[in-house]
Amino acid sequence: MRALLLYRLDLADDVPVDDAVHVVDATAPLIRATDLGVNRGDGVFETAVVRHGAAQSLEAHLERLGRSARLMELPPPRLELWRAAVLRAAAAVSAPGVLHDGELASIKFVMTRGDEFDGGEPTGWVLGFAGGDPRALRRAGIRVVVLDRGYRHDVMRTAPWLLQGAKSLAYAVNQAALREAVRRAADDVIFVSSDGLVLEGPRSTLIARLGGKLITPPAELGVLPGTTQADIFAGLSDVPSETRAITLRELADADALWLCSSTRGAVPVREVDGLGRPMDHTLTERMNAVLDARRG
Ligand code: PLP
């Protein structure tokens, strides 16, 4: 991955949008050592992929940024400012010559609770970066392992302070789960609740096909509402779909599985816990055609 551009945002309410976005050196330090985002993972973020000069599904990402901020009792993000900054970044990384062959640009936007010592405004920035082209992965599929997330399916209601379902900066657990997958000769993870309901990946939404229907677990189980999954369900209007709980038994019985995310699109699962699984390449291609065609 390669940093392409960086904007520092001034998040004080009274600064006009046009004056609040500051272009800074993408490779220079930006965060103070006392920022709660780095010290405590106390902040929220989004990552949108850029195609056709636009950040895809931007409104859904902005809405989810607001939702995560609400769950974490952060000040509500000024969406008109974040929208303007991300649109500007998406246009800049789409200029001719910025990307090398085989690269795909994304925009990550981050809001932390601000400085631990000074209090004051949240800290905000927008990073444009180049990542790899996901096409090979979409064809080859991925091997996953099923890992216990350690929380019951009702954790959002019974223990909201655990912040399940918020896209917080605290991804160290997700990273550790991905390392565990590699130790088990896999590429990715499907988390399950401690009482046996299927959840999501550490950085993706699960879709399972059961009885001809595409099914994804509901946000109430403490998973992120996926922008990619939502656009797949909306775009494939001829394929029945449903949002409901999926049991481990159903995961074993599903005739196809995908992990979906903004940067990779829909990636089929080819192995679960070492057992080969069928992949539907035709439907995978249709899903990704819907995703790649989005112009905002
Ligand atoms: N679930 C988790 C935990 C994630 O981190 C992500 C994306 O990073 C997703 C789901 C997929 O979300 P989206 O499709 O909006 O990228």
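Student: What makes the pair formed by the side chain of S262 and an oxygen atom of the ligand a polar contact?
Tutor: In this predicted model, an N or O atom in the S262 side chain is 2.7 Å from an oxygen atom of the ligand. A polar contact is a pair of N or O atoms within 3.5 Å, so the pair qualifies.

Student: Why does the pair between K167 and the ligand count as a polar contact too?
Tutor: Run the same check. A polar side-chain atom of K167 lies 2.8 Å from a ligand oxygen atom. That is within 3.5 Å, so it's a polar contact.

Student: And what about S204?
Tutor: There, a backbone N or O atom lies 3.4 Å from a nitrogen atom of the ligand. The cut-off is 3.5 Å, so this pair is a polar contact as well. As for cover, on its own the ligand has 390 Å² of accessible area, and the protein covers 93% of that.

Student: Which residues are closest to the ligand?
Tutor: K167, Y171, T227, T228 and S262 are the closest of the 17 residues around the ligand. Being near here takes a heavy atom within 4 Å, so that's the test those residues pass.

Student: What kinds of residue make up the shell around the ligand, and where do they come from?
Tutor: You get 9 polar, 4 charged and 4 nonpolar residues. Helix 3 (58-71), helix 8 (227-235) and strand 12 (256-261) each give at least two residues to that shell.

Student: Why is one empty space called a cavity and another a pocket?
Tutor: It's about the way out: in a cavity a 1.4 Å probe fits but cannot get out, whereas a pocket is an open set of points. The count comes to 1 cavity of 30 Å³ or more, and the largest cavity has a volume of about 40 Å³. The second largest pocket has a volume of about 230 Å³. Among the 14 residues lining that pocket, R32, D35, E121, P122 and T123 are the closest to its centre.

Student: What makes S262 a lining residue of the largest cavity?
Tutor: Lining residues have an atom within 4 Å of a cavity point, and S262 is on that list, so it meets the cut-off. Others on the list include V49, R138 and D292.

Student: Which domains supply the lining of the largest cavity?
Tutor: Domain 1 (2-133) and domain 2 (137-292) each supply at least three residues. By class, that lining has 4 charged, 4 polar and 2 nonpolar residues.

Note on methods:
Residues are numbered from 1 along each chain as its sequence is written. This is a predicted model: local features need pLDDT of at least 70, side-chain atom pairs count only at pLDDT 80 or more; totals for chains, interfaces and linings use all residues. Side-chain values use heavy atoms; hydrogens and water are left out. A polar contact is a pair of N or O atoms within 3.5 Å; within protein, one must be able to donate a hydrogen and the other to accept it, and residues adjacent in sequence count only if both atoms are side-chain atoms. Accessible areas come from the Shrake-Rupley method with a 1.4 Å probe; for residues, only the protein chains shown count as cover. Helices (H or I, at least four residues) and strands (E, at least two) are DSSP runs, numbered from the N terminus. Ala, Val, Leu, Ile, Met, Phe, Trp, Tyr, Cys and Pro count as nonpolar, Asp, Glu, Lys and Arg as charged, and the others, Gly among them, as polar. On a 1 Å grid over the protein atoms alone, a cavity is a set of points where a 1.4 Å probe fits but cannot get out, and a pocket is an open set with protein on both sides within 12 Å along at least five of seven lines; lining residues have an atom within 4 Å of a point. Grid points are joined across faces, edges and corners, and a volume is the space filled by probe spheres set on the points. Domain bounds come from an automatic or database domain assignment.
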